[in-house]
Amino acid sequence: MEVKKPKLVLVGLMFIAILVPWFNTELGNNFSVPEVSQEDVTFYEINPCKISLFQFISNNSESLYQNHYFFRPDNSSSIKCFGRISGVTVLQKGVETQFFISIGTSSLLNLIFQAVIWIILFSLIPKNNKKIVMSEKVKYKNLIILAVSYLLTFSIHAESRFYDKSFYIFEFNNLNSYLLIFLMFIFIVKNFVDTFQIRSNSIMNYLPYLFLFTGIFSGYNLVLYSIIFLFYGLVSLIEQKGSKIFNSVFFTLSLWWLYNTKGSFFFSPGKIRGFTSSIYEFNASLFWIIFSFLLLKGLWKVYTLNKDSFSILLFTKNLSLVSFFLILFGNFGSNLPIITFFNYYFFGLQRYGVDLNNPFAFDEFLVKISWRGLFPSSETIGEFYGICLMFIMFVIIENKPTKFHYLGIFSSALGLYFSDNRTAIILIFFIIIFSFLRITKFYQIQKYKIGITTITLGLLLLTLTLQSETWAESYKFMSESLIFKARVFQFDSIYSSFLLLINNPESSVIFSSFLSFFGFVSYLLNRSEMWGLFIARYNPTFSELLIGSGPLNFGQLYGETVINSPESFLLPHSSVLSYVVFIGILPLMLLVVALFYLLLKNRHNFKFVAFSLYVFINIFKNDSLNYFSTFTLYTLLFLLLYNRVEFNDDKSTLSAKI
């Protein structure tokens, strides 16, 4: 897009603002800043918050490129410490000495500083072509802004245990303490909503940038972009638009989830920060239930308002650019420690970028080491690169590719290889092959399809017959791997509900057969350890199994049942299992049935079918839907590909509304 002079000036001023805080130092100091060493860091212990980050780097130039330096934000520091070195810690890891440099980043300043930067970047999106003032179409706009600001402030109170170590001198039990945060949220919500409304028509085409600018405030469990969907969710609710059935069902489930919230289980959000509750208790459950409800309604509202402005060419161009920038900044960050810090802070990442500086690396067993770059999950970012290749293929088949598409092919193929997401690689390979077969005469001749299908099935049956004994032994071994792993994680005589059911000799044949098949699948997908760990932890009542324990809340799962601690924190590595915890098997089964119905109904809509199957297979084996950027992108793309007339051969439209 063409950037006009005023925007260039704005970007220039923004970059100056980005750099200035890191030069913040105590005026008039005459310190002789020493180099950090294994033997002596007393200067930094005696003089916390005295020297700027720039001063530190000037006297420790090797910290720019040596990988045993780690710059980390100190969100609990005071405001005057912002941009200064608040401390240096020395750790010995084997023969290597590691230096952790804490940089003052006050949580209160983070909220304003990061929001202003991201809103300025958002303002670079072209304005609406139509001469419509969207703010005049929203009734009670200012009241809705106040409501969203209050809800975000309430989240700080609801998850006070999470924020206890993020704020500098803050009284969480004093309501007056929240007044400043509430006013700050009003400023952020007001400006972001105003900026969005005059650019809303372009928003669908710039969704890929959610994977680059994740938008999570440092020290917070909040995503900037959620403000828009909370705002439009409330707009939809006030206008009484959407499905009354959805509202009624969600309200009924919410009453159960809140009534069932008993106890208090803390959960460290880790790499899914911004899209999960940090504690399982009443106030937090209430916030995340409201958040989820408004998010879904807001996604639908934003889609209905802006679906006609979606351009697959512009969307694919942005996919290509984002894939390139992810590779570029990921490589910079993995080789330059200070860039790792700036990536984390200014992109609003959940997790620090990977420190593996060779994305082509293999381990001692010659197995490819997955490389995730900036994103917290290598599998999920691999999915993103696969989607980029898929959409570029859609464009190449129907339009003439541009230089951006060639850039996207190169960077996405490289990123997909780096991520080592084999499922995504295989699926994209078959989708591309099938896509080109569709436009050839070979695809049009039905007898070839029938012949190939018959031969394939015949060879499969012959193989199974010849190796039936070997197959049976292999199946038995693989199907039992899941139960074996679950029992390994069991702590003494403490059983989860699932382990009790497994060990019960009176368990039904149907359940045993299903569990065996599930174990077989987990072995094939290399998920025996993760899913075995889930079974060892998951301890639902019958009603919790049916309708879950509340959206976006892992606290009960990770806090209720004691297990043998694994070597590292492991999520279920299946979005399906995650949503079994959140909403239970009954709503989840209804969603799966609805998905297959839509696929059958729109089987001639190749783009919709290819995208849906690609996403569904991937989320079955990883945690993609536990990330805000992925959940938002997949939801809106699903709606867009389903409903676009030019994408849909049978001209059908989606009748269900949220």
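A salt bridge is counted where a side-chain nitrogen of Lys or Arg lies within 4 Å of a carboxyl oxygen of Asp or Glu. In this predicted model, Glu379 and Lys621 form such a pair, and their closest N and O atoms are 3.0 Å apart. The pair links distant parts of the chain, since Glu379 belongs to helix 13 and Lys621 to helix 27 (residues 606-621), 242 residues apart. Both Glu379 and Lys621 are buried.

The structure holds seven salt bridges. In another of these, Glu239 is joined to Lys301, with 2.7 Å between the closest N and O atoms. Glu239 lies in helix 8 and Lys301 in helix 10, so this salt bridge ties together parts that are 62 residues apart in sequence. The partners can be described separately by their accessibility: Glu239 is partly exposed because its relative accessible area is 28%, whereas Lys301, at 11%, is buried. A further salt bridge connects Asp420 with Arg422, the closest N and O atoms being 3.5 Å apart. Asp420 has a relative accessible area of 21% and is therefore partly exposed. Lys141, Lys190 and Asp194 are joined into one network by salt bridges that share partners. In general terms, side chains of opposite charge can pair when their charged atoms come close.

Helix 8, which carries Glu239, comprises the 14 residues 226-239. At 1.5 Å a residue, a helix of this number of residues should span 20 Å, and the end C-alpha atoms of helix 8 are 20 Å apart, which agrees. The helix is mostly covered, as 11 of its 14 residues are buried. The buried positions are Ser226, Ile227, Ile228, Phe229, Leu230, Phe231, Tyr232, Gly233, Leu234, Val235 and Ser236. Among the elements that cover these buried residues are helix 5 (141-158), helix 7 (179-197), helix 10 (282-306) and helix 28 (628-643). Helix 10 thus appears both as part of this cover and as the element that contains Lys301. After helix 8 comes Gln240, which has a positive phi near 55°.

The largest nonpolar core contains 186 residues, of which Phe56 and Phe391 touch the most other members. Helix 13 (residues 378-398) contributes the largest share of this core, 12 residues. Glu379, the salt-bridge partner of Lys621, is located in helix 13 as well. Apart from neighbours within four places in sequence, Phe56 is in contact with Val36, Tyr44, Ile51, Ser63, Phe71, Ile85, Val88 and Ile101.

Two of these contacts of Phe56, Phe71 and Ile101, stand opposite each other, with Ile101 in strand 3. Strand 1 (residues 69-74) is largely enclosed by the rest of the structure, because five of its six residues are buried. Strand 1 pairs with strand 3 (residues 96-104) in the parallel sense, over six bridges.

A polar residue within a helix was also examined. Asn318 is found in helix 11 (residues 312-335). With a relative accessible area of 3%, Asn318 falls under the 20% limit and is therefore buried. When neighbours within four places in sequence are left aside, the residues in contact with Asn318 are Asn205, Tyr206, Pro208 and Tyr209.

Terms used: Residues are numbered from 1 along each chain as its sequence is written. This is a predicted model: local features need pLDDT of at least 70, side-chain atom pairs count only at pLDDT 80 or more; totals for chains, interfaces and linings use all residues. Side-chain values use heavy atoms; hydrogens and water are left out. Helices (H or I, at least four residues) and strands (E, at least two) are DSSP runs, numbered from the N terminus. The expected span of a helix is 1.5 Å times one less than its number of residues. Buried means under 20% relative accessible area, exposed over 50%, partly exposed in between (1.4 Å probe, protein chains only). Contact means heavy atoms within 4.5 Å. A nonpolar core is a set of buried Ala, Val, Leu, Ile, Met, Phe, Trp, Tyr and Cys residues joined through side-chain atoms within 4.5 Å. Two strands pair if DSSP finds at least two bridges between them.
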